[in-house]
Amino acid sequence: MNIDSIRNGIVIDHITAGRGMEIYRLLGLDKLDCSIAIIKNVHSNKMGKKDIIKIDEDIELDMTVLGYVDPGVTIDIIKDSKLVEKKRATLPREIKNVIFCKNPRCITSTEQELLHVFRLTDEQNRVFRCIYCETKADK
């Protein structure tokens, strides 16, 4: 398989195999008007298999989404076909409007304008809880 390199844009690399589409959806990449390649189950010496997303445009990425879905992914910034910056996503302490509270008695169910805010309560098990009702987020 041959995927062209990008001249100016972003490569999201080291995505755990199978999580590429979730990142694509949560970042809203379907709304972009540029070339995007999602490569699934690529052989990786370090990970066994991984996903990769190539975006042929320089955009601002929500690092909290990346850190929530798959902490440890790398983000390569490409300019003039050269790698100019490499970032690593980390597990965020708080996420807003990425996931939504499932508790029907939560205030976010009746107050539609409230942000859905979840805080990290157990880093080792990656547990996030709603700040309003303490409901555990589904993963």
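The legends below accompany close-up views of a single chain, taken from a predicted model.

**View 1. The whole chain and the order of its elements.** The chain contains 3 helices and 8 strands, and from the N terminus on these elements follow one another as β-α-β-β-α-β-β-β-α-β-β. Taken along the principal axes, the C-alpha atoms fill a box of roughly 50 × 30 × 25 Å. Of the 139 residues, 40% count as buried, and among the contacts between residues at least 6 apart in sequence, 57% join residues at least 24 apart. One such separation in sequence can be followed from E111, which is placed in the loop between α3 and β7: the C-alpha atoms of E111 and K46 are separated by 46 Å, with these positions 65 residues apart along the chain. E111 counts as partly exposed, because its relative accessible area is 33%.

**View 2. The largest nonpolar core.** This core has 30 residues, and those with the most contacts inside it are I12, I55, L61 and L66. At least two core residues are supplied by each of the strands β1 (9–16), β3 (48–55), β4 (74–79), β7 (117–122) and β8 (127–130), and by the helix α2 (63–69). The largest share, 4 residues, comes from α2. A second, separate core of 5 residues can be located through I6, V11, I39 and I52, which are among its members.

**View 3. The surroundings of L66.** L66 is one of the residues with the most contacts inside the largest nonpolar core. When its neighbours within four places in sequence are left aside, L66 is in contact with I12, I23, L27, L61, P71, V73, I75 and A89. Two of these partners, P71 and A89, are taken up in the next view.

**View 4. P71 and A89, two loop residues in contact.** P71 is found in the loop between α2 and β4, whereas A89 has its place in the loop between β5 and β6. Leaving aside neighbours within four places in sequence, P71 is in contact with L66, A89, T90, L91 and R126, while A89, counted in that way, touches M63, L66, G67, P71, G72, V73 and I75. Buried or exposed, how is A89 classed? A89 is buried, because its relative accessible area is 3%; P71, by contrast, counts as partly exposed, because its relative accessibility is 30%. Distances between C-alpha atoms help to place both loops: A89 and D62, 27 residues apart along the chain, are separated by 9.8 Å, and P71 and D122, 51 residues apart along the chain, are separated by 14 Å.

**View 5. C101 and the sulfur of C133.** The structure holds 0 disulfides, and C101 accordingly takes part in none, the nearest cysteine sulfur being that of C133 at 3.5 Å. This pair is not counted as a disulfide because the cut-off for two cysteine sulfur atoms is 2.5 Å. C101 is classed as buried because its relative accessible area is 12%, and the limit for that class is under 20%.

**View 6. S81 and N97, two loop residues with positive phi.** S81 is found in the loop between β4 and β5 (82–88), and its phi is near 65°, a positive value in a residue other than glycine. N97 lies in the loop between β6 (94–96) and α3 (107–110), and phi of this residue, again a positive value outside glycine, is near 55°. S81 counts as partly exposed, because its relative accessible area is 47%, and N97 likewise counts as partly exposed, because its relative accessibility is 38%.

**View 7. The largest pocket and its lining.** About 210 Å³ of space lies in this pocket. Which residues lie nearest the centre of the largest pocket? They are Y68, V98, I99, K102 and D138, out of a lining of 15 residues. By class, the lining of the largest pocket has 8 nonpolar, 1 polar and 6 charged residues. Helix α1 (residues 20–26) gives the most to this lining, with 3 residues.

Note on methods:
Residues are numbered from 1 along each chain as its sequence is written. This is a predicted model: local features need pLDDT of at least 70, side-chain atom pairs count only at pLDDT 80 or more; totals for chains, interfaces and linings use all residues. Side-chain values use heavy atoms; hydrogens and water are left out. Buried means under 20% relative accessible area, exposed over 50%, partly exposed in between (1.4 Å probe, protein chains only). A nonpolar core is a set of buried Ala, Val, Leu, Ile, Met, Phe, Trp, Tyr and Cys residues joined through side-chain atoms within 4.5 Å. Contact means heavy atoms within 4.5 Å. On a 1 Å grid over the protein atoms alone, a cavity is a set of points where a 1.4 Å probe fits but cannot get out, and a pocket is an open set with protein on both sides within 12 Å along at least five of seven lines; lining residues have an atom within 4 Å of a point. Grid points are joined across faces, edges and corners, and a volume is the space filled by probe spheres set on the points. Ala, Val, Leu, Ile, Met, Phe, Trp, Tyr, Cys and Pro count as nonpolar, Asp, Glu, Lys and Arg as charged, and the others, Gly among them, as polar.
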